Amino acid sequence: MMPRKMIRSVFRACASTAAACATIGTAALPTAAQNAFSPAIFVNDSVVTHYEIEQRARLLLIMSAPGDPLELAREQLIEDRLKGQAARQAGIVASEEGVTAGLENFAKRVNMKPEDMITALAADGIYEEALRDFITSPIEWGGGVQSRFCDQPEARQATSQRLLALNKRQEGVRRQAS
C-alpha cells in the first residue's frame, strides 16, 4: 500500500486538487457530462459506467497514483469486475463489517476518522460509494484466493498462513450460499 507520509501529504493537498478533479470530470470525459451513468466498458455481464471511471480517477488523483488517472481507473475497474466475478463464483462476498473495517483501516493510514475522510473526499467530489468500491474489491479477491488455494490439499503451509493473515487484516469476508 501507500506510505503514510505520502497519504498525509495527499490529503493536505486535497484543496489544491479540486480544480484538477473538476477538469477530469468535464474536459477529459465529455461523454460523462452527457450521460454519466451510461456504459463505458462491458466486462462479461457487468458494466463500468463513465461515472465510476470519473470517481475512480478522482480518487487516484487525490492519492497521487502514478500515470494517467483515467487510464488507470479504467484498468482498475475492469480488473475489479473480473476479480469480483471470480470471487462470487467461489461464493465469496465482502460483508458490510469487512468493508467498514477496510474504511477504518484506510482512514487510519491518513490519520483521520472514517467520517472525516469521507467528508474530505466528498468536498473534492469523490463520493463514499467510490471509496467503498475501491476497498471492497481487494477484500473479495483475497477471500476468493484464500478459498481457492487453502481448500486444496497441495497448498503449502506458508501460503495458507499468508492468506489467513490477509483475511484477518481484511476482516469480514463471508461465503455466500450457492
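**Exercise 1. Find the residues, beyond its close sequence neighbours, that Phe-106 is in contact with.**

Step 1: Set aside anything within four places of Phe-106 in sequence. Step 2: Look for contacts, meaning heavy atoms within 4.5 Å. You should end up with Met-63, Met-117, Leu-131, Phe-134 and Ile-135.

Before you go on: this is a predicted model, where local features need pLDDT of at least 70 and side-chain atom pairs count only at pLDDT 80 or more, while totals for chains, interfaces and linings use all residues. Residues are numbered from 1 along each chain as its sequence is written, and side-chain values use heavy atoms, with hydrogens and water left out.

**Exercise 2. Work out which helices supply at least two residues each of the largest nonpolar core.**

Step 1: Get the terms straight. A nonpolar core is a set of buried Ala, Val, Leu, Ile, Met, Phe, Trp, Tyr and Cys residues joined through side-chain atoms within 4.5 Å. Buried is under 20% relative accessible area and exposed is over 50%, with partly exposed in between (1.4 Å probe, protein chains only). Helices (H or I, at least four residues) and strands (E, at least two) are DSSP runs, numbered from the N terminus.

Step 2: Spot the core. It has 18 residues, and those with the most contacts inside it are Leu-59, Phe-106, Met-117, Leu-121, Leu-131 and Ile-135.

Step 3: Name the helices: H4 (50-62), H6 (96-109), H7 and H8 (128-150). H8 gives the largest share, five residues. Another core, of nine residues, lies apart from this one and includes Leu-60, Leu-70, Ala-73 and Leu-77.

**Exercise 3. Sort residues of helix H7 into buried and exposed.**

Step 1: Go through residues 114-123; Pro-114, Met-117, Ile-118 and Leu-121 are buried. They sit on the same side of H7 because they cover an arc of only 100° around the axis, judged by the directions from the helix axis to the C-beta atoms.

Step 2: Turn to the other side of H7, where Glu-115, Thr-119 and Ala-123 are exposed. After H7 comes Gly-125, with a positive phi near 85°.

**Exercise 4. Say whether Arg-81 is buried or exposed, and find the partner of its side chain.**

Step 1: Locate Arg-81 in helix H5 (residues 69-89). Step 2: Check its relative accessible area: at 16%, Arg-81 is buried.

Step 3: Look for a polar contact (a pair of N or O atoms within 3.5 Å; within protein, one must be able to donate a hydrogen and the other to accept it, and residues adjacent in sequence count only if both atoms are side-chain atoms). The partner is the side chain of Glu-52, at 2.5 Å.
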